[in-house]
Amino acid sequence: MNRQVLLFISLLSLDFVFGQVSYSIPEEMAKGSLVGNIAQDLGLEMKRLVSGKAKIYTRSSDEYMELNRERGVLLVKERIDREALCTETELCALHFQIILENPMEFYSVTVQITDINDNAPAFEKSEMKFKISESAITGTKFVLERAVDLDVGINGVQKYELKPTDNFALKLHNNADGNKKVEMVLQKPLDREKQEQISLVLTAVDGGEPQMSGTMLIVITVLDANDNAPVFTQATYKATVTENSPKGTVVSTVTASDADQGSNGKITYSITDTLGNVRKMFEVNEETGKMFLIGNVDFEKSRIFEINLLASDEGGLTDSCKLIVDVQDVNDNKPEINIMSKSTVISEDAKLNTVVTMINIEDLDSGENGIVKCFINENIPFILKTSTNNFYSLVTDSDLDRERASEYNITVTCADEGVPSLSSSVTLTLQISDVNDNAPVFERSSYEAYIVENNTPGLSIFTVKARDADWNQNARVSYILEDSSVNGVPVSSYVSVSADSGVIHAVRSFDYEQIKDFQFRVKAQDGGSPPLSSNVSVKIVIQDQNDNPPQVLYPVLTGGSVVAEMVPRTADVGYLVTKVVAVDVDSGQNAWLSYKLQKATDRALFEVGLQNGEIRTIRQVTDKDAVKQRLTVIVEDNGQPSRSATVIVNVAVADSFPEVLSEFTDFTHDKEYNDNLTFYLVLALAVVSFLFITCLVVIISVKIYRWRQSRILYHSSLPVIPYYPPRYSDTLGTGTLQHVYNYEVCRTTDSRKSDCKFGRTGSQNVLIMDPSSTGTMQRIQNEKSILDEPDSPLEVRMF
């Protein structure tokens, strides 16, 4: 197989490559035959064909070629018949494009289809009849129908042969269109009396290999004399017809004249020696010579018609002429928009001039009717660029932002310049894919939340919220507590953040008196790759709760000791006795304190300042007022509910200290002191009783055991020998040790205080046992005074 390859590569100003490659193959190749190595001829790697999803785009619906991406070759997909593919043109070619994606590229491919001799010459009629007068002179010409061979070039009709050649010879004329005009010329006069009918065979032969031919029978009837042949007024007629003209439209009228009279002068018009499609479009009136339109004229299919007409009389004489009909174009075809390749999704970070879609525009009209301009809707970040041969590319013109527009409906409109103008449009839907180009944004620049102290651990405090303008995984926000410390303690021991919801929980119970507020930062991070994040400052303010009672700082209670304030009997009204001082560690109204006199020995003598806690006299002190005055002051805060504390203030109304001392020694213990003393006495009694019972049980058990042992020895009849340890001596006849102690007890006037003196023992007894004896023991008893100084009293305060 002879195959020619022509390759042209052109680099345009667009972002895609435009190239052209041309092949030449014969028609009727078997399916799967190799056309060419497209990858090699275009300089492409085969993996590029696969990754770019290379495909063939053709305007027509018939696909004669297929692309093998793995091998990088172009193959015949369907059998190609050049005569069916290209009916009226000698040059026949297939035009298509190869499209690649990512990035978009396209290459134009032209496959020339060469002719093979697969069609024999054929005549439209198998037989032609002529009526020729015997008086016809030598040299008279008779036009014959030419043969039609669908092949072209050397495979077309090359010569004609006429047999026998007794009376007629064959004469050929080359027309301007490349066809041959076939004429039969009378060479020898006819004689009706000798031969009334003559049969001839016209043979048309092509030049192909193998050579093929076609024949037509010519039957000539010899008539009596007819002196004059018809003559057309013009050898060539020209006419125009507008496409889509209705049937019956008169295209033109041809006229011929015959000088004969009678039947020999009657002229008949007919169409001859013409391709078959002409007879389907036109018809001539045999008597008038008017040419009528009988079919639908389409400029896009046939732009010109050449019609051969024949005028013949009754005597068999003829003349011929040619009618050339030009078809005028009408703007009856809308531009066709063909999507060669398109992307339905494009990333929002696509670069400028990224090719989105490639479009081919075709308008079958000609002239201004076929000039097409395309445009797209405005205010979108795309433009339409044209390259050549009605190819357009839709490219990005500015930066894309999915958050501003996630989808574009791009309408491409193409209109021709005909009158009236025809247009067509197509809408392309383009999705903008998301790129993680937006960090999460918190709803506030900072947060401040409040929580009441003594909260339950795990309590939800509040929620931080961040939004991400991206989509899907890129917009999935996670919340993270950033590492920091509060008073040297990790903030994670105070609060926690839910990663999904952003809810902040308290990890511990807060105490306003220990920490009043603290700050930390929360980070919001999206799920993109790489992830983007932002953070926000959060301040937690602890709100006080009335959980602390007031604390009395003065007067200070010292257990069982008595503290008294002295008021002289000469004190006037408003005399400042003392001031109760108290504090509350709470804050706000929870720390607002008020002082009230709850109980008093004489309410008419003293009052307490509500706000300052000052105890003053409200009347003149008299001799009748008791020396001992006991005031109970209650201190309350302003919380809800309020908490309080009480303090007892002892006031002595006297002018001298001895008087006060004698009076206050008889003060009874307060209830709290008595209660504590009773508790400890009961506890001591219980312990002593337990120890006594335990000892009693042990002694009884020992006595019983010894008695049982003595009974056993008594009944055994064995002698009893007393045993004494070595060096045993009995002192004083009552035991082995001396126990002499002296005790001296002194009491004061106050029963709550006692001074006790402990004297030394009268003697010290030391018992030393011989180490060689059976029981080895050394015991030294040295009793000393409980106190280092025997005369120092031991003071015990009972609280």
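C374 and C414 form a disulfide (a pair of cysteine sulfur atoms within 2.5 Å), with their sulfur atoms 2.0 Å apart. This link is right-handed, with 110 degrees about the S-S bond. The pair joins distant parts of the chain, as C374 sits in strand β28 (residues 372-376) and C414 in strand β31 (residues 407-416), 40 residues apart. Strands here (E, at least two residues) and helices (H or I, at least four residues) are DSSP runs, numbered from the N terminus.

The model is predicted, so local features need pLDDT of at least 70 and side-chain atom pairs count only at pLDDT 80 or more, while totals for chains, interfaces and linings use all residues. Residues are numbered from 1 along each chain as its sequence is written, and side-chain values use heavy atoms, with hydrogens and water left out.

C374 counts as buried because its relative accessibility is 16%, and C414 counts as buried at 0%. Buried means under 20% relative accessible area, exposed over 50%, and partly exposed in between (1.4 Å probe, protein chains only).

The count of disulfides comes to two. The other link is between C86 and C92, whose sulfur atoms are 1.9 Å apart. This link of C86 and C92 is right-handed, with 70 degrees about the S-S bond. Both C86 and C92 are buried. With the bonded cysteines numbered in sequence order, the pairing is 1-2, 3-4. As for two further cysteines, C321 counts as buried at 5% relative accessibility, whereas C695 counts as partly exposed at 46%.

**Overall make-up**

The protein has six helices and 56 strands. Of its 799 residues, 38% count as buried. Among contacts (heavy atoms within 4.5 Å) between residues at least 6 apart in sequence, 66% join residues at least 24 apart.

**Nonpolar cores**

A nonpolar core is a set of buried Ala, Val, Leu, Ile, Met, Phe, Trp, Tyr and Cys residues joined through side-chain atoms within 4.5 Å. The largest one has 29 residues, of which V495, I504, F518, F520, V522, V538 and I540 touch the most other members. Two or more residues of this core come from each of β34 (446-452), β35 (460-463), β37 (477-481), β40 (495-497), β41 (503-506), β42 (517-526) and β43 (533-543). Leaving out residues up to four places away in sequence, V522 touches F442, V464, Y479, I480, L481, V497, I504, S534, N535, V536 and V538. A second, separate core holds 27 residues, including L49, L74, C86 and I113.

**Salt bridges**

Side chains of opposite charge can pair when their charged atoms come close. A salt bridge is a side-chain nitrogen of Lys or Arg within 4 Å of a carboxyl oxygen of Asp or Glu. The structure holds 20 salt bridges. Three examples are listed here.

| Pair | N to O distance | Relative accessibility |
|---|---|---|
| R192 and E196 | 3.8 Å | R192 32%, E196 47% |
| R402 and E403 | 3.5 Å | R402 12%, E403 24% |
| K596 and E636 | 3.8 Å | K596 41%, E636 22% |

K596 lies in strand β48 (residues 594-600) and E636 in strand β51 (residues 628-636), so their salt bridge ties together parts that are 40 residues apart in sequence. Elsewhere, R82, E83 and D115 are joined into one network by salt bridges that share partners.

**A buried aspartate**

D151 lies in the loop between β10 (141-144) and β11 (157-163). D151 is buried yet has no salt bridge, and the nearest side chain of opposite charge, R82, is 5.4 Å away. In this comparison Lys and Arg count as positive and Asp and Glu as negative, while His and the chain ends are not counted. The side chain of D151 does reach the backbone nitrogen of D118 at 3.3 Å. A polar atom of the same side chain of D151 lies 2.9 Å from the backbone nitrogen of N119. Apart from its neighbours within four places in sequence, D151 is in contact with E27, R82, E83, D115, I116, N117, D118, N119 and G156.

**A strand residue**

L553 is placed in strand β44 (residues 551-554). L553 is partly exposed, with a relative accessible area of 45%. Leaving aside neighbours within four places in sequence, L553 is in contact with V581, A582 and V583. L553 and V583 are 30 residues apart in sequence and 7.2 Å apart in space, C-alpha to C-alpha.

Note on methods
Polar contact = N/O pair within 3.5 Å; in protein donor to acceptor, adjacent residues only side chain to side chain.
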